[in-house]
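Hi,

Here is the structure I promised to pass on. Have a look at it first, and my notes follow below.

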Amino acid sequence: MNAQLRQLLVSAGGIVGAILIWQFVATVPMAGGPLPPFSATFTELTQLLASGEFWSSLADTILISLLGLGSAAVIGVVLGILIGSFDPFRYATLAVLEFLKPIPPIVILPLVVLIYGPTTQMAWFLVFFGCVLPIIMQTVAGVHDADPVTLDTARSYGMGRTEVLARVTLPSAMPFIGTAMRVAAPAALVITVVAGLLGGGPGLGRSIYQAQAGGDYPSLYAYVLVLGMLGLIFQGVSRLAERRTLHWHASYREVLPA
Amino acid sequence: MAEANVSSDATVRLRVDGLAKSYGTGDKAKVVIEDLTFTVNAGEMVCIVGPSGVGKTTLLKCLAGLQPATRGQASIDGRTISGPPPEMALVFQDYNRSLMPWLTVRKNLMLPLRHLRLPAAEAKERCDSALEAVGLSHAEHQYPWQLSGGMQQRVAIARALAYRPEILIMDEPFASVDAQTRFDLEDLCLKIRQDFGMTILVVTHDIDEAVYLSDRVVVLGSKPAKVLKIVDVDLPAPRDQITTRSLPEFARQRTDVLSLIKRPA
Ligand SMILES: Nc1ncnc2c1ncn2[C@@H]1O[C@H](COP(=O)(O)OP(=O)(O)O)[C@@H](O)[C@H]1O
Ligand SMILES: [Mg+2]
């Protein structure tokens, strides 16, 4: 408990230190430059919190990230299980997936904007594209990692093919899927912002773009602060969710002190 | 000599007939089982003994319909086994890999019952009585990995019991438990045969255990595997760890089996 408290204090000290450095850099060496001091950014932030526009922009960002992440999770896991379990699926998709894997979502952004315009669908598709491939790949790896003895056990008790997939293969692959989701959650947020910043999609990305275009630097950095905190929340929630669903896995098992 | 022991009795439940199994094909084929023939009668307890690596697990996987035989066949009540038979349950040698780590003990027992579509009350009753039979009622909400090896093995046995198979097959079920637990599990085995009238086939490499448990011992040997002999064990029932094991007859039977295994094939 004491050690925990000390750790917390040190962390808080780190944050305060970073803020002080920001304040110093913005007011002394770079005074009058484009970087607003923390104080001005913070004032701007409090004003933002009172505006309805800010909240709807925040809601857009969260909604698009979650929609993209959720659809990528559902489709990625289903495809991953099929590809991992049935060889014809694997041979049919392998080349295409390997080709798409190294393409970052930003590369296809112009094309997607051309098709959908600066809309929610555009941003959603981009998030989906960026998240689904790693989820498929990890699910396939998880399926291959399933213990043959566990699978034989299920078969020996007369469980059918779909039942084995749903009740044994899927849970066996969960540790891999969990890792993929933990990485994908913050990525979904980043891609949503990029879709707004560069593609004009709704949300905080577009707000940042507009603040920059209008030369409103305090408000630009206030948005950046909000994004930073949102990122922390995404990461925290996905970690917690992973820990919750995988409490049984060797890496999370609670070992009681002797 | 194996043929001499094939009973033409109408009560034969499980028949293994000229069964052979190789892994791989062509030049790389590895013949594990050459030619096995034996039968198990209804309600009988039969042990299979043989050195490790002889192909006991391979045989059981064929019997459980998990892999096809290369030649010959196994059948239940005259029906050739081509997939997992519904009246059979198999307790695996690797019990810790056979239990699902994401499910509690009770849910591990429930899992195979799902597709039987039993009324909830009956499924619950089966789990309760199976857990009680192995003395693990108190551990139903724990996860397998929170239990000792012997307890995990008992969970795997309880799962098979809850399934209420007519034929129970166990692969070295007591190999990794301490002596005391081992005696308890052996007696549990005798008790479930009595209580549920099951036909039980147990693989073991422990000759004393085989003689103590069985009505007949199938001795496997040589590579690829063959039946060296089928030994009838006539020890009085009910068997008891202390009195049965101290009978002169027990010593004679185990010496019989041991000399078969010791002799180079
Ligand atoms: N899937 C497999 N592929 C190839 N060889 C195997 C396979 N399974 C078992 N074997 C081999 O078959 C032999 C018998 O194995 P096993 O049936 O596990 O023996 P036992 O259970 O009697 O110890 C061993 O030499 C083992 O290496
Ligand atoms: Mg074995």
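Before the notes, one cut-off: a residue is called buried under 20% relative accessible area, exposed over 50%, and partly exposed in between. Also keep in mind that this is a predicted model.

I started with the metal. Which protein atoms are the donors of the magnesium ion (ligand 2)? They are OG1 of Thr57(B) and OE1 of Gln93(B), and they lie 2.0 to 2.4 Å from the ion. The two donors come from distant parts of the chain, 36 residues apart: Thr57(B) belongs to helix H2 (residues 56-63) of chain B, while Gln93(B) is in the loop between strand E6 (88-91) and helix H3 (95-98). With 32% relative accessibility, Gln93(B) falls between the two cut-offs, so it counts as partly exposed. Thr57(B), at 30%, is partly exposed for the same reason.

Thr57(B) turns up again around ligand 1. The residues surrounding that ligand include Tyr23(B), Lys30(B), Val32(B) and Thr57(B), along with Ser52(B) and Gly53(B). By type, the shell divides into three nonpolar, five polar and two charged residues. H2(B) gives the most to this shell, with three residues; strand E2 (30-41) of chain B and H2 each supply at least two.

A few polar side-chain atoms are worth a look here:

- Thr58(B): an N or O atom of its side chain is 2.6 Å from an oxygen atom of ligand 1.
- Thr57(B): a polar side-chain atom sits 2.7 Å from an oxygen atom of ligand 1.
- Tyr23(B): a polar side-chain atom lies 3.5 Å from a nitrogen atom of the ligand.

On its own, ligand 1 exposes 560 Å², and the protein buries 61% of that.

Now for the rings. Over all chains, the whole structure has ten aromatic pairs. One of them is Trp22(A) with Phe38(A): the ring centres are 5.3 Å apart and the planes are at 75°, so this pair is edge-to-face. It links distant parts of the chain, with Trp22(A) in helix H1 (residues 2-27) of chain A and Phe38(A) in helix H2 (residues 38-49) of chain A, 16 residues apart. Both Trp22(A) and Phe38(A) are buried, and together with Phe42(A) they form one aromatic cluster.

Phe86(A) and Phe89(A) also pair up; their centres are 6.3 Å apart with planes at 50°, so this pair is tilted. Phe86(A) counts as partly exposed at 21% relative accessibility, and so does Phe89(A) at 37%.

Cheers

Note on methods. Residues are numbered from 1 along each chain as its sequence is written. Chains are lettered from A and ligands numbered from 1 in the order in which they are written. This is a predicted model: local features need pLDDT of at least 70, side-chain atom pairs count only at pLDDT 80 or more; totals for chains, interfaces and linings use all residues. Side-chain values use heavy atoms; hydrogens and water are left out. Donors are N, O and S atoms within 2.8 Å of the metal (3.2 Å for Na, K and Ca); water is not among the atoms, so sites may look incomplete. Helices (H or I, at least four residues) and strands (E, at least two) are DSSP runs, numbered from the N terminus. Buried means under 20% relative accessible area, exposed over 50%, partly exposed in between (1.4 Å probe, protein chains only). A residue is near a molecule or strand if one of its heavy atoms lies within 4 Å of it. A polar contact is a pair of N or O atoms within 3.5 Å; within protein, one must be able to donate a hydrogen and the other to accept it, and residues adjacent in sequence count only if both atoms are side-chain atoms. Accessible areas come from the Shrake-Rupley method with a 1.4 Å probe; for residues, only the protein chains shown count as cover. Ala, Val, Leu, Ile, Met, Phe, Trp, Tyr, Cys and Pro count as nonpolar, Asp, Glu, Lys and Arg as charged, and the others, Gly among them, as polar. Rings of Phe, Tyr and Trp (its six-membered ring) pair if their centres lie within 6.5 Å; planes under 30 degrees apart count as stacked, over 60 as edge-to-face and the rest as tilted.
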